[in-house]
Amino acid sequence: MNKYMQIVHREDIYQDFKDLYDYETDTNNLDRSIEQILGNYKEKEVLIIEVGSWKGSSAISMAKYFLNKNIIPTIFCIDTWNGSTYHRFYDGAFPSLKCKNGFPTLYPRFISNIIHANLQEYIIPVPHSSHDAARYLKKLNISADFCYIDACHEYDEVLDDIKSYWDLVKPGGTMLGDDHDAGWLGVVGAVSTFVTSKSLQDKFELHNSEWVIRKSI
């Protein structure tokens with residue numbers, strides 16, 4: 001069992017999981033740019049924080065990518081697994097919550113996908129709000145090689161996530177995120193505000209819709 005599984009959950013949460021859902025292979029934008037963003041990493045182990053995990057598609061992609069390079073990943077997946085205002089408000093988005101008795105079933109679907117992908121040893125779900133999870137990981141003295149921001153896409157929430165997790169990215173590490181495009185102006189604005197406020201323009205990259213900020217050593 002991954003040492004962080006014991007620290008976070010005090011048990012192997014995958015071991016006795018029952019009633020698996022079918023494997024759901026959602027597409028994710030990270031796959032289009034994963035080599036450009038992650039490809040220069042050469043260490044034997046990698047620690048990743050993912051803020052906003054949904055059903056695990058991008059976490060699975062990152063885990064498989066590094067395992068294929070013989071690099072051992074540990075990925076903390078931060079999510080409430082309750083969706084957002086967007087999913088509750090818009091009729092077209094609501095079915096994606098897959099509610100049962102009024103409550104989303106995203107978490108057991110996430111767990112099911114990780115089990116189907118055989119990545120239980122590498123992916124640690126942390127079912128908290130992003131702000132609370134950042135506080136918790138700081139208490140654990142976690143320092144991430146990569147931090148992937150893909151939770152709520154509203155300006156204030158994105159900016160708060162970037163600020164909260166920037167300190168958890170180790171020197172020389174990378175923060176990245178999804179949906180830097182015209183469909184999600186809250187993401188675009190929050191990233192721009194942070195980059196400008198920290199004078200990080202020379203550390204900023206854009207790969208398709210994936211934004212990237214490289215942290216100085």
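Which strands and which helix do the buried residues of H6 pack against? Let's work up to that, starting with the whole chain. Keep in mind that this is a predicted model.

The protein chain is built from eight helices and seven strands. Along its principal axes, the C-alpha atoms fill a box of roughly 50 × 45 × 35 Å. A compact globule of 217 residues would have a radius of gyration near 17 Å, and the protein chain has 17 Å, so the two agree. Inside, 50% of the 217 residues count as buried. And if you look at contacts with a separation of 6 or more, 79% of them link residues 24 or more positions apart.

What about the outside? The accessible surface comes to about 11,000 Å², and carbon and sulfur atoms hold 48% of that. As for charge, the protein chain carries 22 positive and 30 negative side chains, with the centres of the two sets 5 Å apart.

Now zoom in on helix H6, which runs over residues 130-139. Its buried residues include Ser130, Ala133, Ala134 and Leu137. They share one side of H6, because they cover an arc of only 105° around the axis. The spacing helps make sense of this: an α-helix has 3.6 residues a turn, so residues three or four places apart point the same way.

That brings us back to the opening question. The buried residues of H6 pack against three neighbours from among the strands, E1 (45-51), E2 (72-78) and E3 (123-126), and also against helix H7 (155-166). Just after H6 comes Asn141, which takes a positive phi of about 60°.

Conventions:
Residues numbered from 1 in each chain as written. Predicted model: local features only at pLDDT ≥ 70, side-chain atom pairs only at ≥ 80, totals over all residues. Heavy atoms only, no water. Helix = DSSP H or I, 4+ residues; strand = E, 2+ residues; numbered from the N terminus. Rg over C-alpha atoms; globule rule 2.2 N^0.38 Å. Buried < 20%, exposed > 50% of the residue type's maximum accessible area, 1.4 Å probe, protein only. Contact = heavy atoms within 4.5 Å. Areas by Shrake-Rupley, 256 points an atom, 1.4 Å probe, with all protein chains shown as cover. Lys, Arg positive; Asp, Glu negative; His and termini not counted. Charge placed at Lys NZ, Arg CZ, Asp CG, Glu CD. Arc of directions from axis to C-beta.
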